[in-house]
Amino acid sequence: MKTIIFIFGTRPEIIKLAPVILELKKYPRDYNVLICNTEQQKELSNQTLNYFGLKADINLDCMRENQSLAGVQTKILTSLDSVFNEYNIDATIVQGDTMTVLCGALTSFYHKVPVYHVEAGLRSYDIYEPFPEEVMRQMTSRVADVHFAPTSVNKEALLKENISEDKIHIVGNTVIDALFCLSDDVIEQSKKYFLDKNITIDDKLVLITAHRRENHGERIDRIIEAISYLATKYVDHTFVIPVHPNPNVKNKIHERLGCLDNIKLLTPLDYPYLVYLMKHAKLILTDSGGIQEEAPSFSCPTLVMRYETERKEGIEAGVSVLVGADYDKILEYSENVLSKDKLETRLQAQNPYGDGTASKKIEKIIRSKLLN
């Protein structure tokens, strides 16, 4: 039996790693699965774990108010070092590009434990977009032993960085697997939540998420002004914003958008509630990485409020549009959708990020590396 530790700290990481954890747990004679939560997003991460029926074996409680990036990194590295000293670990699995990912990979490297990187090879090639995630993802690639790349584009990026081809495996994105974990009944049960909030879910729903660090300051101001204009013009549409708890975002959104009747400001949503909104949305405006991957499964037009994206497949496939925090672009592309009936705006392209079988492919590759 091999001991494999999953290290994560944010909701998106859990959503994308949960299908892999559940797949490995099907084989208890082969894998001893350790779940370690740095609690980089404490409430969001634990909330999402519960949805998948999972519970962390190790909680690190690494976040403190107003921590610097260096402070967060120091705390996570030190805490993880203690974990690796306590357990005899055969492999580490991390996902994505957060501080937790980089620290998990580094700590594993320091202890000479192989690192398996899920969602490897995404690149924007701008170290400040997304910040600091682009650098964290690239640095993780330098120490990873196995790279689970979602697409051929990601594989090519890794090859250009002299990563050996035999270490790279194209498996699709596990976020699509997570969507398939949701039954239609579970998604429809989310309807009651929005009814209780007096939020009408119909063909005139707009979903908005904005939280990225590089969008703080003047950029979030422009995004908010664009949303305010759209909500004022399209008063028959409902604009739902799950507001990120970061005060740099939360305070401005509540102060400047809370007075508009057709803007509904919510606390961060359970995963099935968010999926329910994506399923029914007429338009999505987001700076999230995961939503860029999920929205095409629901044929929903998506405006990416970033100037660079490491998920270029969606842009190239025409399922999303890069608009940055550009007030005029946000208005132009939004109005092109909002001025039409929902049926006219549905996307025809298939989701370029996967078919829901990534976790099974990952398990087979792990088995070949550790058990055969």
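Helices, strands and buried residues

User: At 1.5 Å a residue, what should the 12 residues of helix α4 (residues 99-110) span, and how far apart are its end C-alpha atoms?
Analyst: This is a predicted model, and the values below are computed from it. Helix α4 has 12 residues, and at 1.5 Å a residue these should span 16 Å. The expected span agrees with the distance between the end C-alpha atoms, which is 16 Å.

User: Is helix α4 largely enclosed by the rest of the structure or left open, and what covers its buried residues?
Analyst: Of the 12 residues of α4, 10 are buried, so the helix is largely enclosed by the rest of the structure. Among the buried residues are Met-99, Leu-102, Cys-103 and Leu-106. The cover includes β1 (2-8), α1 (11-24), α3 (69-86), β4 (91-95), β5 (115-118) and α5 (133-143).

User: Which residue caps the N-terminal end of α4?
Analyst: At the N-terminal end of α4, a side-chain oxygen lies 3.2 Å from the backbone nitrogen of Thr-100. The residue that supplies this oxygen, and so caps the helix by the 3.5 Å cut-off for a polar contact, is Thr-98.

User: Which residue with a positive phi follows α4?
Analyst: The phi of this residue is near 55 degrees. The residue is Lys-112.

User: In what order do the 6 strands of the open sheet stand, and which strands are at the edges?
Analyst: The order is β10-β9-β8-β11-β12-β13, and the pairing is parallel. Two strands have a single partner each, so one side of each is left without a neighbour in the sheet. These edge strands are β10 (263-266) and β13 (320-322).

User: What is the average twist from one strand to the next in the sheet of 6 strands?
Analyst: The sheet is open, with its strands paired in parallel. From one strand to the next, the twist averages 20 degrees.

User: How many residues of β8 are buried, and which way do they point?
Analyst: In a regular strand the side chains alternate between the two faces of the sheet. In β8, Leu-205, Leu-207 and Thr-209 point one way, while Val-206 and Ile-208 point the other way. All of these are buried, and the count for β8 is 5 of 5.

User: Which residues stand opposite Leu-207 and Val-206 of β8?
Analyst: β8 pairs with β9 in the parallel sense over 3 bridges, and 4 bridges join β8 to β11, also in parallel. Leu-207 stands opposite Val-240 in β9. Val-206 stands opposite Leu-283 in β11.

User: Which helix joins β8 and β9 in a β-α-β unit?
Analyst: The unit is made of β8, a helix and β9, and it is right-handed. The helix covers residues 218-233 and is α9.

User: Which residue of β12 stands opposite Leu-285?
Analyst: Strand β11 (residues 283-286) pairs with strand β12 (residues 302-304) in the parallel sense, over 3 bridges. Opposite Leu-285 in β12 stands Leu-303.

User: At about what angle does helix α14 run to β11?
Analyst: Helix α14 (residues 327-338) lies across β8 (205-209), β9, β11, β12 and β13. Its direction relative to β11 is about 160 degrees.

User: Which residues of strand β6 (residues 146-149) are buried on each side?
Analyst: Both faces of β6 are covered. On one side the buried residues are Val-146 and Phe-148, and on the other they are His-147 and Ala-149.

User: Which residues stand opposite His-147 of β6?
Analyst: β6 pairs with β5 in the parallel sense over 3 bridges, and 3 bridges join β6 to strand β7 (residues 168-170), again in parallel. In β5, the residue opposite His-147 is His-117. In β7, the residue is Ile-168.

User: Through which helix does the chain cross from β6 to β7?
Analyst: This β-α-β crossover is right-handed. The helix is α6 (residues 152-160).

User: Is Ser-45 buried or exposed, and what is its relative accessibility?
Analyst: Ser-45 lies in helix α2 (residues 42-51). Beyond its neighbours within four places in sequence, its contacts include Gly-9, Ile-14 and Asn-37. Ser-45 counts as buried because its relative accessibility is 0%.

User: Is Ser-359 buried or exposed, and what is its relative accessible area?
Analyst: Ser-359 lies in helix α16 (residues 358-370). Apart from neighbours within four places in sequence, Ser-359 is in contact with Pro-19, Val-20, Glu-23, Thr-174 and Asp-177. Buried requires under 20%, and Ser-359 is buried, with a relative accessible area of 4%.

How values were computed:
Residues are numbered from 1 along each chain as its sequence is written. This is a predicted model: local features need pLDDT of at least 70, side-chain atom pairs count only at pLDDT 80 or more; totals for chains, interfaces and linings use all residues. Side-chain values use heavy atoms; hydrogens and water are left out. Buried means under 20% relative accessible area, exposed over 50%, partly exposed in between (1.4 Å probe, protein chains only). Contact means heavy atoms within 4.5 Å. Two strands pair if DSSP finds at least two bridges between them. Axes are lines fitted to C-alpha atoms, for helices over the stretch in contact, and angles run from 0 to 180 degrees between N-to-C directions. A crossover is right-handed if, with the strands pointing away from the viewer, the path from the first strand over the helix to the second runs clockwise. The expected span of a helix is 1.5 Å times one less than its number of residues. A polar contact is a pair of N or O atoms within 3.5 Å; within protein, one must be able to donate a hydrogen and the other to accept it, and residues adjacent in sequence count only if both atoms are side-chain atoms.
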